[in-house]
Amino acid sequence: MKLRRQLERSERVARVLGFIARMYFGFCYRTARWKTEGLDELKAALADGPVILVVWHSRLLLGPSHWPLEHGQLSSIHTRSPVGRVVGAMQRQQGLFPFEMSEKRSNTATSRQIMKLVKEGTSIGITADGPEGPALQLKDPPIDWARATGRPVFCYAFSTVRQKRADSWDQMLIPLPFTRGSCVYRRFTSEVPRKMDAATMDALRQDMQQCMMATIARADEMVGLKPGA
């Protein structure tokens with residue numbers, strides 16, 4: 001509880017832990033043998049402008065390492081949760097532009113900043129079920145951002161043979177060094193209209209849920225693992 005309060009209050013603590021996390025996950029990334037799928041399609045989409053990148057909370061740790069930064073900048077959205085702040089600090093050190101969103105107060109000003117970045121060509125990364133779950137249950141923000149920006153959506157997942165799972169609500173996948181890994185990008189093909197009724201929203205939510213589950217299943221399959229969370 002003490003560490004949690006420090007993380008929620010101290011930028012310095014978040015930066016230090018973010019640096020440690022960046023060093024560790026960078027080492028894991030560099031020592032792994034990677035297979036990728038869908039990267040060329042993502043790069044082609046980025047040549048036409050930014051995208052919305054959607055990931056399950058359990059598979060977010062190597063997202064910045066896999067992102068093709070030379071093809072476009074990425075901004076992520078996180079909360080003041082301990083994991084969110086550490087990941088945000090880590091991503092900032094990796095050259096990305098994470099934004100902290102509050103769950104208790106208006107985020108109008110932050111949303112405007114993000115929309116401005118999108119118009120300037122920066123993609124948005126967002127967790128589908130974060131920051132506190134339920135795990136693997138798609139929430140509305142990915143669809144809301146796709147609707148607001150009009151940009152294409154890509155689902156992302158990674159998997160590794162050697163891994164541990166955190167004792168957390170999402171059983172976050174923590175990669176281990178010297179392993180085989182996979183990285184999958186899958187384009188969400190359903191149209192997201194600017195205006196929609198409740199039935200359309202429900203249908204899109206189900207479609208994106210299926211796309212997200214198919215993405216992690218494919219990532220696990222590529223390294224010979226049984227599809228998991």
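Student: In which helix does Met-23 have its place?

Tutor: In this predicted model, Met-23 has its place in helix H2, which covers residues 11–31.

Student: Is Met-23 buried, partly exposed or exposed?

Tutor: A residue counts as partly exposed when its relative accessible area lies between the limits of 20% and 50%; because the value for Met-23 is 39%, Met-23 is partly exposed.

Student: Which residues form a nonpolar patch on the surface together with Met-23?

Tutor: As a general idea, an α-helix has 3.6 residues a turn, so residues three or four places apart point the same way. In this structure, Val-16, Phe-19 and Ile-20 join Met-23 in a nonpolar surface patch, and together they have about 360 Å² of accessible area.

Student: How should I read helix H5, and how many of its residues are buried?

Tutor: Helix H5, made up of the 12 residues 82–93, reaches 17 Å from its first C-alpha to its last, close to the expected 16 Å. Of its 12 residues, 9 are buried, so H5 is largely enclosed by the rest of the structure; among the buried ones are Pro-82, Arg-85, Val-86 and Met-90. Just after H5, Gly-95 takes a positive phi of about 95°.

Student: In what order do the strands of the open sheet lie?

Tutor: The 7 strands follow the order S1-S9-S6-S2-S5-S3-S4, with mixed pairing, and the edge strands, S1 (33–37) and S4 (99–100), each pair on one side only.

Student: How do strands S6 and S9 run, and how many bridges join them?

Tutor: Strand S6 (residues 153–160) and strand S9 (residues 180–188) run antiparallel and are joined by 8 bridges, and Ser-159 stands opposite Ser-182 in S9.

Conventions. Residues numbered from 1 in each chain as written. Predicted model: local features only at pLDDT ≥ 70, side-chain atom pairs only at ≥ 80, totals over all residues. Heavy atoms only, no water. Patch = residues over 30% accessible without salt bridge, like charges linked within 9 Å, V, L, I, M, F, W, Y side chains within 5 Å. Areas by Shrake-Rupley, 256 points an atom, 1.4 Å probe, with all protein chains shown as cover. Salt bridge = Lys/Arg side-chain N within 4 Å of Asp/Glu carboxyl O. Helix = DSSP H or I, 4+ residues; strand = E, 2+ residues; numbered from the N terminus. Buried < 20%, exposed > 50% of the residue type's maximum accessible area, 1.4 Å probe, protein only. Expected span 1.5 Å × (residues − 1). Pairing = 2+ DSSP bridges.
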